[in-house]
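Ready for some practice with a protein model? Have a look at the structure below, then work through the exercises one step at a time.

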Amino acid sequence: MYEEGEDEEEPLPDFENETLNFLEDMRCAYKEKVLPLERKYRFEDFYTRPLNDNYFGPTALVLLV
């Protein structure tokens, strides 16, 4: 079934780096496309304030035992 030399594992993809790139892309898209519309139509007057950079950053998780 298995031959010698087949037990080499493929390296795992770098999900952390991909996640950070995705978050950065989302932050840029929000600032370039959505935020100008929110300001134009005064969205914060009737719903919420504009999102800041902290919203798009990775959140720290703490597990207390």
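**Exercise 1.** Decide whether Tyr-47 is buried or exposed in this predicted model.

*Solution.* Start with the relative accessible area of Tyr-47, which is 61%. Next, recall that exposed means over 50%. Tyr-47 is therefore exposed.

**Exercise 2.** Now classify Phe-46 and Phe-43 in the same way.

*Solution.* Phe-46 has 59% relative accessibility, so Phe-46 counts as exposed. For Phe-43 the value is 24%. The class between the cut-offs of 20% and 50% is called partly exposed, and Phe-43 therefore counts as partly exposed.

**Exercise 3.** Find how many aromatic pairs the whole structure has, and describe their geometry.

*Solution.* A search of the whole structure gives 2 aromatic pairs. Take Phe-43 and Phe-46 to begin with: their ring centres are 5.3 Å apart and their planes meet at 80 degrees, so this pair is edge-to-face. Then turn to Phe-43 and Tyr-47, with centres 5.4 Å apart and planes at 50 degrees, so that pair is tilted. To check the labels, remember that planes over 60 degrees apart count as edge-to-face, while those under 30 count as stacked and the rest as tilted.

Putting the pairs together, Phe-43, Phe-46 and Tyr-47 are linked into a cluster.

**Exercise 4.** Step back and describe the protein chain as a whole: how many helices and strands are there?

*Solution.* Count the elements: the chain has 2 helices and 0 strands. Then consider burial: of its 65 residues, 6% are buried. Finally, look at the surface: the accessible area is about 6,900 Å², and carbon and sulfur atoms account for 55% of it.

Methods:
Residues numbered from 1 in each chain as written. Predicted model: local features only at pLDDT ≥ 70, side-chain atom pairs only at ≥ 80, totals over all residues. Heavy atoms only, no water. Helix = DSSP H or I, 4+ residues; strand = E, 2+ residues; numbered from the N terminus. Buried < 20%, exposed > 50% of the residue type's maximum accessible area, 1.4 Å probe, protein only. Areas by Shrake-Rupley, 256 points an atom, 1.4 Å probe, with all protein chains shown as cover. Phe/Tyr/Trp six-rings, centres within 6.5 Å; stacked < 30°, edge-to-face > 60°.
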